[in-house]
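Q: Could you take a close look at one part of this model for me, and then work outwards to whatever sits around it? I'd like one connected story rather than a list.

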Amino acid sequence: MKKFGLTLVAALAFSASVLANGVNDSTTVAKWDGSINKAKLSKYLKLSVTQKDEVADICDYFQEQMKTANRSTKNADQKVRNAVYGNLKLMKETLDEKQYAKYVRLMALTLNNKGINVEK
């Protein structure tokens, strides 16, 4: 459990430190709609049959939340943050520790690549 916690902290710290250098200029970053390739994610995380269905539902919900956040004119950053952390919470309930650690690293990398900063 301690190793898992350290992995989570490291992933979030890495994404925060990379994004803190000013690359996250909202005028140059295309908005991400939250789409996730569920087949590749399922294969990467080695999901069970029941997990595949739950993860697919979570991914669909996350995509809806990200689209809503991107359309928002007020508090868009807060809505993106809520969507990301809500997604992580739902995934934590569905995945085992090893799968979740891999997912957090993947999400941190994806957010970094998309230029999204969820740290406040």
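A: Let's start with Asp60, which is partly exposed, with a relative accessible area of 31%. Keep in mind that this is a predicted model. Asp60 has a charged partner in Lys38: their side chains meet in a salt bridge, at 2.7 Å from N to O. The two ends of that pair come from distant parts of the chain, since Asp60 belongs to helix 3 (residues 49-71) and Lys38 to helix 2 (residues 38-45), 22 residues apart. Lys38 is partly exposed as well, at 34% relative accessible area. In general, side chains of opposite charge can pair when their charged atoms come close. A search of the whole structure turns up 1 salt bridge, so with a cut-off of 4 Å between the nitrogen and the carboxyl oxygen, the Asp60 and Lys38 pair at 2.7 Å qualifies.

Now zoom out to the two helices that hold this pair. Helix 2 and helix 3 pack with their axes 11 Å apart, at an angle of about 135 degrees. They are therefore oblique to each other, because an angle has to be over 145 degrees to count as roughly antiparallel. Their crossing is right-handed. On the helix 2 side, the contact uses Lys38, Leu41 and Ser42, while helix 3 brings Lys52, Val55, Ala56, Cys59 and Asp60. So both salt-bridge partners are part of this contact too. Sorted by class, the contact of helix 2 with helix 3 has 4 nonpolar, 1 polar and 3 charged residues.

Helix 2 has another neighbour, helix 5 (residues 97-114). The axes of helix 2 and helix 5 come within 10 Å and cross at roughly 135 degrees, and that makes helix 2 oblique to helix 5. This crossing is right-handed. Leu41, Tyr44 and Leu45 of helix 2 meet Gln99, Lys102, Tyr103 and Leu106 of helix 5. Here the class count comes to 5 nonpolar, 1 polar and 1 charged residues. Leu41 is worth a second glance, as it appears in the contact with helix 5 and also in the one with helix 3.

Going back to helix 3, look at how it lies against helix 4 (76-94). The two pack at about 175 degrees, with axes 9 Å apart, which makes helix 3 roughly antiparallel to helix 4. Among the helix 3 residues in this contact are Glu54, Val55, Ile58, Cys59 and Phe62, and the helix 4 residues they face include Val84, Asn87, Leu90, Met91 and Thr94. By class, the residues of the contact of helix 3 with helix 4 divide into 13 nonpolar, 5 polar and 2 charged.

Two members of that list deserve their own stop. Glu54 sits in helix 3 and is partly exposed, at 40% relative accessibility. Its C-alpha lies 7.1 Å from that of Thr94, although Glu54 and Thr94 are 40 residues apart in sequence. Asn87, in helix 4, counts as buried at 2% relative accessibility. Leaving out its neighbours within four places in sequence, Asn87 touches Ile58, Phe62, Tyr103 and Met107.

The loops that join these helices each have something to check. Between helix 2 and helix 3 you'll find Lys46, which has a positive phi of about 55 degrees even though it isn't a glycine. Lys46 is exposed, at 68% relative accessibility. In the loop between helix 3 and helix 4 there is Asn75, whose phi is also positive, near 55 degrees, in a residue other than glycine. Asn75 is exposed too, with a relative accessible area of 58%. For context, most residues other than glycine have a negative phi.

Finally, the whole chain. The protein has 5 helices and 0 strands, giving the pattern α-α-α-α-α along the sequence. Of its 120 residues, 36% count as buried. Among contacts between residues at least 6 apart in sequence, 74% join residues at least 24 apart.

Note on methods:
Residues are numbered from 1 along each chain as its sequence is written. This is a predicted model: local features need pLDDT of at least 70, side-chain atom pairs count only at pLDDT 80 or more; totals for chains, interfaces and linings use all residues. Side-chain values use heavy atoms; hydrogens and water are left out. Buried means under 20% relative accessible area, exposed over 50%, partly exposed in between (1.4 Å probe, protein chains only). Axes are lines fitted to C-alpha atoms, for helices over the stretch in contact, and angles run from 0 to 180 degrees between N-to-C directions. Angles under 35 degrees count as roughly parallel, over 145 as roughly antiparallel, 65 to 115 as roughly perpendicular and the rest as oblique. A crossing is left-handed if the near helix is turned anticlockwise from the far one by less than a right angle, and right-handed if clockwise. Contact means heavy atoms within 4.5 Å.
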